[in-house]
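Here is a walk through one protein model, with the strands, the core and a few odd backbone spots picked out. Have the 3D view open while you read.

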Amino acid sequence: MHNSTPVVFIYTTGVFLSFALKDLIKSANMKLSTVLALMSLPLVIMAQSHDPVKIYQEPTGDGGFQYYAQNVDLAPYQLEINFGELNNLKSSVSLPYYTVVYPGEPIALFSLQPVSSGSTSFKSGYRLTMGDPETLADQEFIYSLPFEHQQSYTMVQGANGEYTHQGKHAWDFVMDEGTKVCASRNGLVVSVKEDSNQGGPDISFMEHANRISILHEDGSYADYVHLVRDGALVEPGDQVLAGQVIGYSGNTGWSTRPHLHFQVYQAVKFGIQTVPVKFRTASGIVVNLEEQQKYQAIHR
Ligand SMILES: [Zn+2]
């Protein structure tokens, strides 16, 4: 009945590839054993290989470094790079550095230039959060209910619901495990989790929710949560149409009974904000779904 923001938050000590071993030792202020370990890597990248955005530095030849980022994911990401230590180096931009990186080729970010001759070193960290806070959800858009045409399900916890939806625009529809879940709006599947078979009544189960997240053309996202294990019929990169069956409901994650949690959100700075949704139902367009009411889906 709840879910978490996709956030990557990592601190690293600044290390970087250098073509000259002595430069690497001098610049990074590292021990030789560390350097030798790094020599086996093709390129020293701050980010882990599975990260959606890869961040890396290249020596500029004058003792400085140029920073780059490449978004290898499907959605834009907010990126902040900060420096816990910056010794004898000056940044070309004010710090912490902030930008939004869209999927595509590597882009140049900023550079660090030496202040004077002599050794340089730094410690840096970064954080990443999915979404571009400059894009605002179109709150006039009419969504389909997230289940099959002409099917009806009871909505048991709505916006600002007292159990797990406080301060959120989200809707829980009670349905048996294995019920077909449909896309409420056209979009691009940006993340899928379907490997969990764990669910339970407290927050410790939250991370075990299977889910599908879909990016819409206005930059908002929809989450379809608590799906059954192996219950996704789509994968990241798939374009889906409203009404298309995308998976099967379940009871994984923080959940006390089989149901589908649906929400739409837009990015804010290093977070998300769920937004109100207007639904098309068999009895017309509904602005505020009411708890304990049964709603019938009409797709078109
Ligand atoms: Zn919920």
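## Odd backbone spots

H226 sits in the loop between β16 and β17 (239-240). Strands here are DSSP runs (E, at least two residues) and helices are DSSP runs too (H or I, at least four), numbered from the N terminus. Before going further: this is a predicted model, so called local features need pLDDT of at least 70 and side-chain atom pairs count only at pLDDT 80 or more, while totals for chains, interfaces and linings use all residues. Residues are numbered from 1 along each chain as its sequence is written.

Back to the loop: H226 isn't a glycine, yet its phi is positive, at about 85 degrees. Q150 is another residue other than glycine with a positive phi, near 75 degrees, and you'll find Q150 in the loop between β9 (142-144) and β10 (152-157). Are these residues buried or exposed? A residue is buried if 20 or more other C-beta atoms lie within 10 Å of its own, exposed if 12 or fewer, and partly exposed in between, with C-beta atoms placed from the backbone. The table gives the counts, with Q57 of strand β2 added.

| Residue | C-beta neighbours inside 10 Å | Class |
|---|---|---|
| H226 | 31 C-beta neighbours | buried |
| Q150 | 10 C-beta neighbours | exposed |
| Q57 | 24 C-beta neighbours | buried |

One more backbone feature to click on: L95 and P96 are joined by a cis peptide bond, with omega about 0 degrees. P96 belongs to the loop between β5 and β6 (97-101).

## The open sheet

Four strands make an open sheet in the order β2-β3-β7-β5, with antiparallel pairing. Its edges are β2 (53-59) and β5 (89-91), each with a single partner strand, so each has one side without a neighbour in the sheet. From one strand to the next, the twist averages 25 degrees (axes are lines fitted to C-alpha atoms, for helices over the stretch in contact, and angles run from 0 to 180 degrees between N-to-C directions).

Two strands count as paired if DSSP finds at least two bridges between them. Strands β3 (residues 65-71) and β7 (residues 107-114) run antiparallel and share four bridges; Q66 has S111 in β7 as its bridge partner. Q57 and L109 are 52 residues apart in sequence, but their C-alpha atoms are 9.7 Å apart in space.

## Around β15

Strand β15 (residues 211-215) is mostly covered, with five of its five residues buried. R211, S213 and L215 lie on one side and I212 and I214 on the other. On the pairing front, β13 (residues 187-193) runs antiparallel to β15 through five bridges, with S191 opposite S213. Five bridges also join β15 to antiparallel β16 (residues 221-225), where I212 faces Y224. Five residues separate the strands of this β15 and β16 hairpin, and G219 has a positive phi near 90 degrees.

## The core

Which residues have the most contacts inside the largest nonpolar core? They are L79, F147, F173, V181, I212, I214 and Y224, in a core of 56 residues. A nonpolar core is a set of buried Ala, Val, Leu, Ile, Met, Phe, Trp, Tyr and Cys residues joined through C-beta atoms within 7 Å. Strand β20 (residues 259-268) gives the largest share of this core, five residues.
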